[in-house]
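This report describes a single protein chain from its atoms. Please read it beside the sequence and the 3D view.

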Amino acid sequence: MASLADEPDPVLVTRVGTGALYLDRLGAVSSRHAMLLKASAALCAEDDRDALRRFALALDTPGADRWRFDHARVRLAHGERLRRARATVRARAQLDAALETFEELDARPWAERARHELRATGASRPGADASNIHGLSAQKLEIARLAASGLTNKQIAERLFLSHRTVGGHLYQTYERLGITSRTMLRDALGPAPEQG
């Protein structure tokens with residue numbers, strides 16, 4: 001091994017360089033490939049800080065949230081790494097978002113894995129919120145309430161550790177479900193917020 005480090009094999013160097021070039025081009029093919037390549041790099045990172053930075057880059061890949069299942073898998077992996085790095089609040093946000101998508105897609109084994117990881121953070125997620133008469137998921141309801149309180153999509157995204165595109169998508173779906181057309185109608189459509197006990 002030491003001799004290889006001192007005098008690298010030109011064929012091996014060419015193959016590694018060609019592989020890196022191929023991967024770089026593959027990422028340019030689609031947002032899905034770009035997201036998955038960045039997530040793969042995050043999974044291989046030994047340092048937590050580097051891994052978490054790479055997961056954030058993967059999730060922020062423009063257009064990647066179109067690939068809901070793969071995006072949720074990256075969120076799950078990100079949440080798992082955050083939990084192991086003892087960043088439990090941030091882990092819960094990623095794991096909850098992943099769980100919500102897996103449940104919507106009826107991806108039961110993945111939902112169970114996300115649920116297990118969420119429990120490992122000390123949180124439990126009820127199957128259904130009985131106080132939510134609107135039929136919105138817990139995350140969509142929270143986003144809608146924050147929007148109704150006057151926060152912008154960017155402020156909501158920062159608070160919940162989501163991308164502003166994800167927040168916008170949830171609000172769009174919420175408007176459809178509630179039969180409203182604007183942010184100003186949210187407060188009336190949602191009714192009073194539950195009191196904190």
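The text below covers confidence, two central helices, an aromatic cluster and the nonpolar cores.

**Basis and confidence**

This is a predicted model, in which local features need pLDDT of at least 70, side-chain atom pairs count only at pLDDT 80 or more, and totals for chains, interfaces and linings use all residues. Residues are numbered from 1 along each chain as its sequence is written, and side-chain values use heavy atoms, with hydrogens and water left out.

The pLDDT is the predictor's confidence in each residue, from 0 to 100. The protein chain averages a pLDDT of 79, and 77% of the residues score at least 70. Helices (H or I, at least four residues) and strands (E, at least two) are DSSP runs, numbered from the N terminus. Confidence is lowest in helix H1 (residues 2–6), with a mean of 41, and highest in H5, with 93. The pLDDT is below 50 over residues 1–22, a stretch with one contact in the model beyond near neighbours in sequence. Residues 127–131 also have a pLDDT below 50, and this stretch has one contact beyond near neighbours in sequence. Contact means heavy atoms within 4.5 Å.

**Helices H5 and H6**

Buried means under 20% relative accessible area, exposed over 50%, and partly exposed in between (1.4 Å probe, protein chains only). Twelve of the 17 residues of H5 are buried, so this helix is largely enclosed by the rest of the structure. Among those buried residues are Asp70, His71, Arg75, His78, Glu80 and Arg81. The buried residues of H5 pack against helix H3 (31–44), H4, H6, H7 and H10. Just after H5, Arg86 takes a positive phi of about 65°.

The buried residues of H6 include Gln94, Asp96, Glu100, Thr101 and Phe102. Their packing partners are helix H4 (48–59), H5, H7, H8, H9 and H10. Just after H6, Asp106 has a positive phi of about 60°.

The expected span of a helix is 1.5 Å times one less than its number of residues. For H5, with 17 residues, this should give 24 Å, and the end C-alpha atoms are 24 Å apart, which agrees. For H6, also with 17 residues, the expected 24 Å likewise agrees with end C-alpha atoms 24 Å apart.

**Aromatic contacts**

Rings of Phe, Tyr and Trp (its six-membered ring) pair if their centres lie within 6.5 Å; planes under 30 degrees apart count as stacked, over 60 as edge-to-face and the rest as tilted. The structure holds three aromatic pairs. Two of them are set out here.

| Pair | Geometry | Centre to centre | Angle between planes |
|---|---|---|---|
| Phe69 and Phe102 | edge-to-face | 5.8 Å | 65° |
| Phe69 and Trp110 | edge-to-face | 5.8 Å | 85° |

Phe69 lies in helix H5 (residues 68–84) and Phe102 in helix H6 (residues 88–104), so their pair ties together parts that are 33 residues apart in sequence. Trp110 lies in helix H7 (residues 108–120), so its pair with Phe69 in H5 ties together parts that are 41 residues apart in sequence. Ring pairs thus link Phe69, Phe102 and Trp110 into a cluster. Within this cluster Phe102 is buried, with a relative accessible area of 0%. Phe69 is partly exposed at 29% relative accessibility, and Trp110 is partly exposed at 26%.

Arg113 is also placed in H7. Its relative accessibility of 38% counts as partly exposed. Arg113 touches Leu76 and Glu80, not counting residues up to four places away in sequence. The C-alpha atoms of Arg113 and Phe102, eleven residues apart along the chain, are separated by 9.8 Å.

Elsewhere, the charged end of Arg32 sits over the ring of Trp67, 6.0 Å from its centre. The criterion is NZ of Lys or CZ of Arg within 6 Å of the ring centre and within 35 degrees of the ring normal.

**Nonpolar cores**

A nonpolar core is a set of buried Ala, Val, Leu, Ile, Met, Phe, Trp, Tyr and Cys residues joined through side-chain atoms within 4.5 Å. The largest has 20 residues, and those with the most contacts inside it are Ile143, Ile156, Val167, Leu171, Leu186 and Leu190. Two or more residues each come from helix H8 (138–148), helix H9 (153–160), helix H10 (164–178) and helix H11 (186–190). H8 gives the most, with six residues. Val167 touches Ile143, Asn153, Ile156, Ala157 and Leu162, not counting residues up to four places away in sequence. A second, separate core of 15 residues includes Leu52, Ala87, Ala111 and Ala123.
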